[in-house]
Amino acid sequence: MDSAVSDATGVAPLVTEPDEDVRSWQTDRTRAPIATKIVVAGGFGVGKTTLVTSVSEITPLQTEALMTEASEATDDLSATPGKLTTTVAMDFGRITLDDDLVLYLFGTPGQQRFWFMWDDLVRGAIGAVVMADTRRLKDCFPALDYFESCGLPYVVAVNHFDGSERFEAEDVREALTIPARIPVMIMDARRRISAIETLLALVAHALDETPE
Ligand SMILES: Nc1nc2c(ncn2[C@@H]2O[C@H](COP(=O)(O)OP(=O)(O)O)[C@@H](O)[C@H]2O)c(=O)[nH]1
Ligand SMILES: [Mg+2]
């Protein structure tokens with residue numbers, strides 16, 4: 001490249017010296033971080049807000065609203081009697097992995113009546129975490145169907161609640177008929193490490209699924 005051109009534009013020449021070690025570029029921490037978008041989906045009360053909150057390094061943006069008797073007929077709270085608030089629009093959080101991979105997490109609102117937002121929410125996402133509660137497995141079917149039909153890579157994360165029967169990942173895979181190539185993780189959304197493991201599995205899976 002003509003160095004006079006690169007000087008004039010202020011842009012570093014793209015051509016590297018032939019003897020430069022390629023690996024030095026790969027380990028260069030000063031290069032710009034890669035930002036990706038991840039969607040966290042699943043039924044009402046499955047732990048989406050909990051996951052985003054436990055991994056986020058910024059104060060998560062939450063749009064929780066106090067549930068009132070007005071929604072009694074719409075929101076079935078029989079399985080989550082202690083739940084007083086609900087995510088109205090979405091959760092939003094950020095986590096930086098390995099210094100240069102930034103994940104922006106978008107939690108979907110669980111209730112059916114907010115589904116018109118999903119097409120907007122998944123735009124530009126590299127993948128999704130579908131959270132499942134073994135006491136209410138069917139609640140994650142709509143999310144599974146949605147990501148299967150739009151072709152967005154996803155992993156299934158089974159959130160074990162106190163007092164619920166423990167299942168192996170493979171049992172849940174069978175119950176939900178999840179294809180073998182899709183990771184099924186057992187997770188505790190309240191534990192940061194556990195939630196990060198799920199996110200790493202999703203990133204790896206999304207890379208696998210991306211055409212060369
Ligand atoms: N025991 C247990 N409780 C959890 C777990 N994840 C979430 N919870 C609780 O379940 C309730 C519903 O979680 P929330 O994140 O609000 O659900 P969302 O509707 O999917 O956002 C909250 O009271 C959480 O503290 C988990 O992994 N284990
Ligand atoms: Mg929520």
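# A tour from the ligand shell to the cores

Begin by selecting ligand 1 and the residues around it: by class, this shell holds three nonpolar, eight polar and five charged residues. Bear in mind throughout that the model is predicted, and keep the ligand displayed for the next stop.

Of the 16 residues around ligand 1, those to label are Gly45, Lys48, Thr49, Thr50 and Asn159, which come nearest. Colouring by secondary structure shows that helix H3, residues 48–55, supplies the largest share of the shell, namely three residues. Now turn to the polar contacts with ligand oxygen atoms: a polar side-chain atom of Thr49 lies 2.7 Å from one oxygen atom of the ligand, a polar side-chain atom of Asp188 is 3.0 Å from an oxygen atom of the ligand, and, in the case of Ala189, a polar backbone atom lies 3.3 Å from a ligand oxygen. Taken alone, ligand 1 exposes 580 Å², and the protein buries 79% of that area.

From Lys48, move to Pro109, which is 61 residues away along the chain but has its C-alpha atom 8.7 Å from the C-alpha atom of Lys48. Pro109 sits in the loop that runs between strand S5 and helix H4 (118–122), and, with a relative accessibility of 0%, Pro109 counts as buried.

Step back along the chain into S5, residues 101–107, and select Leu103, which belongs to this strand. Is Leu103 buried or exposed? Its relative accessible area is 0%, and therefore Leu103 is buried, the cut-off being under 20%. Its contacts, leaving aside neighbours within four places in sequence, are Thr36, Ile38, Gly93, Arg94, Ile95, Leu97, Leu199 and Val203. Among these contacts, Thr36 is worth a distance label, since Leu103 and Thr36 are 67 residues apart in sequence and 5.0 Å apart from C-alpha to C-alpha.

Next, display the largest nonpolar core, which has 24 residues, and in which Leu144, Phe147, Tyr154, Val156 and Leu176 have the most contacts. Two or more residues of this core come from each of strand S1 (34–42), H4, strand S6 (127–132), helix H5 (141–150), S7 and H6, with H5 giving the most, four residues. Centre the view on Val156, which, not counting residues up to four places away in sequence, touches Val130, Ala132, Leu144, Leu176, Ile178, Pro183, Val184 and Met185. A second core, separate from the one just displayed, has 22 residues, including Val40, Val46, Val129 and Val155.

Continue to the loop between strand S7 (154–159) and helix H6 (169–176), where Ser164 is found. Which residues does Ser164 contact, leaving aside its neighbours within four places in sequence? They are Thr134 and Arg135. Within its own stretch of chain, the side chain of Ser164 reaches the backbone oxygen of Phe161 at 2.7 Å. Ser164 has a relative accessibility of 9% and so counts as buried.

Finally, zoom out to the whole chain, which contains seven helices and eight strands. Of its 212 residues, 44% are buried, and the accessible surface comes to about 12,100 Å², of which 56% belongs to carbon and sulfur atoms. Among the contacts in the chain with a separation of 6 or more, 70% are between residues 24 or more positions apart; the pair Leu103 and Thr36, 67 residues apart in sequence, can be selected again here as an example of a distant pairing along the chain.

Note on methods: Residues are numbered from 1 along each chain as its sequence is written. Chains are lettered from A and ligands numbered from 1 in the order in which they are written. This is a predicted model: local features need pLDDT of at least 70, side-chain atom pairs count only at pLDDT 80 or more; totals for chains, interfaces and linings use all residues. Side-chain values use heavy atoms; hydrogens and water are left out. Buried means under 20% relative accessible area, exposed over 50%, partly exposed in between (1.4 Å probe, protein chains only). A polar contact is a pair of N or O atoms within 3.5 Å; within protein, one must be able to donate a hydrogen and the other to accept it, and residues adjacent in sequence count only if both atoms are side-chain atoms. Contact means heavy atoms within 4.5 Å. A residue is near a molecule or strand if one of its heavy atoms lies within 4 Å of it. Accessible areas come from the Shrake-Rupley method with a 1.4 Å probe; for residues, only the protein chains shown count as cover. Ala, Val, Leu, Ile, Met, Phe, Trp, Tyr, Cys and Pro count as nonpolar, Asp, Glu, Lys and Arg as charged, and the others, Gly among them, as polar. A nonpolar core is a set of buried Ala, Val, Leu, Ile, Met, Phe, Trp, Tyr and Cys residues joined through side-chain atoms within 4.5 Å.
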